[in-house]
Amino acid sequence: MSCGRSAVTAVAVPDLIGVQSPRIEARPPFTSSAGREAVELAASAGLHLYPWQQHVVDVVLAEGDDGKWAAFEAACVVARQNGKGALVEALVLADLFLFETPLVIYSAHLFTTTTETINRIVALIEGSDHLRRRVSRIRRAAGAESVEMKSGSRLRFLARSNTSGRGFSAGRLYLDEAQILGSQAMAAIIPTLTTAENPQLVYFGTAPLPESEYWRQLRARGLMDADKRGRLAFMEWSAAPDSDPSDRAAWAQANPSLGFGITEQYIRDEFHALPATEFGRERLGIVPAGESASAVPPAVWDDAQDESSTLPESAEVTFAVDVSPGGRSAAIAVAGVRSDGRRHLELVEHRPGTDWLVDRALQMDAAWPCQWVADPAGPAGPVVAALVAAGIRVRSASGRDLSVAAGGLVAALSSGAVAVRPHPMLTAAVEVARAKPTGDGAWTWTRRDATKDISPVVAASLAVWAAAQQPEYDVLDSIL
């Protein structure tokens, strides 16, 4: 028996079958799906998908009213060895032989994964006369692997790097091993979809690793409401975070291929062989609590969460605005004093773009006795000017103020002075927020990696800081 964990009772029990539906699922509205045709094509090549795999294909290939893919992004999180590779194979075959997608790109972190995927897809094609006849050329030279169709459709295999994908214009991107997906690699590869008529980005991965910052933020989006999630389809097979690692029901929930391609005995052996933390991550999809390189200690952040935290209706509040570099998204946070004297912190809004922000700010400005704060010298500058033009007085935060606000937020959280109303995007921003020293032991939030969206935590820190200041402090009442 493995030390520190309960033993699995050795009794005669029925065979255990994996749960075929994901524990977590969210998807955009759709009217139809090409999934059935893709499943049938795969079967004609000898690739027979399990029910859960058929469901993923159906979700990825769901179509909207306009006949285009309902989801711009689709993500599947499932433990290793459950058969993600078969999903890639089935979808790629559909791209080449059903949809004739002009250019399909598959990318994985490890060279061995890419090579294995190439071999399997080529084997399916070469083993099926009706598919092989439609192929113009298969290239196997290292670094130039591709499948070229007589229709003009192409499949390219790219190694993952900070420059991979540059110079290409793809219709669909498959990003395997997404738990090892770096923000810079994403910045290089996503623009390949820019000119596609019907683009889609499909991710496959396992539970996040300590360095899986992009993957953590994408998962946080998958947990959000539809209006904040965007066109993301998200499916996750995992055990509940508080599951007992020895619970066979948890094994089944996190491993849909249990009883098909994975045996219960194998999972039982893994349970005894692996450390508890790694068994939880690799087999059950459970991310260890407190795993983060954030400037905010994970335990401090977790302790500050309070789902019941609210503000009195007549409370005077502080709203803070921040914008990610390039205006890709914006956030509004609020801070105020609760009826028990403890400070309340909440992420009110976080959406793509900035066009929505002024109208939403005017609504909140009219509904609450409040003040506003932002950094006019940062990415929020254009939005600050628009707020002022709309009649909202905005307090200006300097670079020094941002530093004081960052350190002050951590201090207030650590002392228990602030209660945080839980929000997945605020937590995701906290998890990727890093500190940049500013001298004399002070620090501020760093935006060195512009692909990490920390606007929610920057807004949160500004809200807490300004709520403790005098309202008259440096107010902007004219367009900057």
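Start by selecting strand S7, residues 146–149, where both faces are covered: Ser146 and Glu148 on one side, and Val147 and Met149 on the other, are all buried. Here, buried means under 20% relative accessible area, exposed means over 50%, and partly exposed is in between, using a 1.4 Å probe on protein chains only. Strands (E, at least two residues) and helices (H or I, at least four) are DSSP runs numbered from the N terminus. In a regular strand, side chains alternate between the two faces of the sheet.

Before moving on, know that this is a predicted model, in which local features need pLDDT of at least 70 and side-chain atom pairs count only at pLDDT 80 or more, while totals for chains, interfaces and linings use all residues. Residues are numbered from 1 along each chain as its sequence is written, and side-chain values use heavy atoms, with hydrogens and water left out.

**Next door to S7**

Now add strand S6, residues 135–139. S6 and S7 pair in the antiparallel sense over four bridges; two strands count as paired if DSSP finds at least two bridges between them. For a spot to zoom in on, pick Val135, which stands opposite Met149 in S7.

**Aromatic stop**

Select Trp251, Phe271 and Phe279, which form one aromatic cluster. Rings of Phe, Tyr and Trp (its six-membered ring) pair if their centres lie within 6.5 Å; planes under 30 degrees apart count as stacked, over 60 as edge-to-face and the rest as tilted. The structure holds ten aromatic pairs. Phe271 and Phe279 have ring centres 5.4 Å apart and planes at 80°, so this pair is edge-to-face. Both of these Phe residues are buried.

For another ring, go to Phe30 and show Arg27 as well. The charged end of Arg27 sits over the ring of Phe30, 3.9 Å from its centre. The cut-off for that call is NZ of Lys or CZ of Arg within 6 Å of the ring centre and within 35 degrees of the ring normal.

**Salt bridges**

How many salt bridges does the structure hold? There are 19, each one a side-chain nitrogen of Lys or Arg within 4 Å of a carboxyl oxygen of Asp or Glu. Side chains of opposite charge can pair when their charged atoms come close.

Select Glu236 and Arg219 to begin: their side chains meet in a salt bridge at 2.6 Å, N to O. This one links distant parts of the chain, with Glu236 in strand S11 (residues 232–236) and Arg219 in helix H7 (residues 213–222), 17 residues apart. Glu236 is buried at a relative accessible area of 1%, whereas Arg219 is partly exposed at 24%. Add Arg23 to the selection too: Arg23, Arg219 and Glu236 are linked in a network of salt bridges.

Go on to Arg248 and Glu264, whose side chains also meet in a salt bridge (2.6 Å, N to O). Arg248 is in helix H9 (residues 248–254) and Glu264 in helix H10 (residues 264–273), 16 residues apart. Color them by accessibility and you should see Arg248 partly exposed at 21% and Glu264 buried at 13%.

Then pick Arg338 and Asp306, a salt bridge with its closest N and O atoms 2.9 Å apart. Arg338 lies in the loop between strands S13 (329–337) and S14 (343–352), and Asp306 in the loop between helix H12 (298–304) and strand S12 (317–323), so the pair ties together parts that are 32 residues apart in sequence. Arg338 is buried at 12% relative accessibility, and Asp306 is buried at 17%.

**Back to H7**

Return to helix H7 and select Arg216, which counts as buried at 9% relative accessibility. Show Pro424 alongside: Arg216 and Pro424 are 208 residues apart in sequence but 10.0 Å apart in space, C-alpha to C-alpha.

**Two backbone oddities**

Which loop holds Gln81? Look between strand S4 (73–77) and helix H3 (84–99). Phi of Gln81 is near 70°, a positive value in a residue other than glycine. At the loop between H3 and strand S5 (103–108), find Glu100. Its phi is near 50°, again positive in a residue other than glycine, and Glu100 is partly exposed at 39% relative accessible area.
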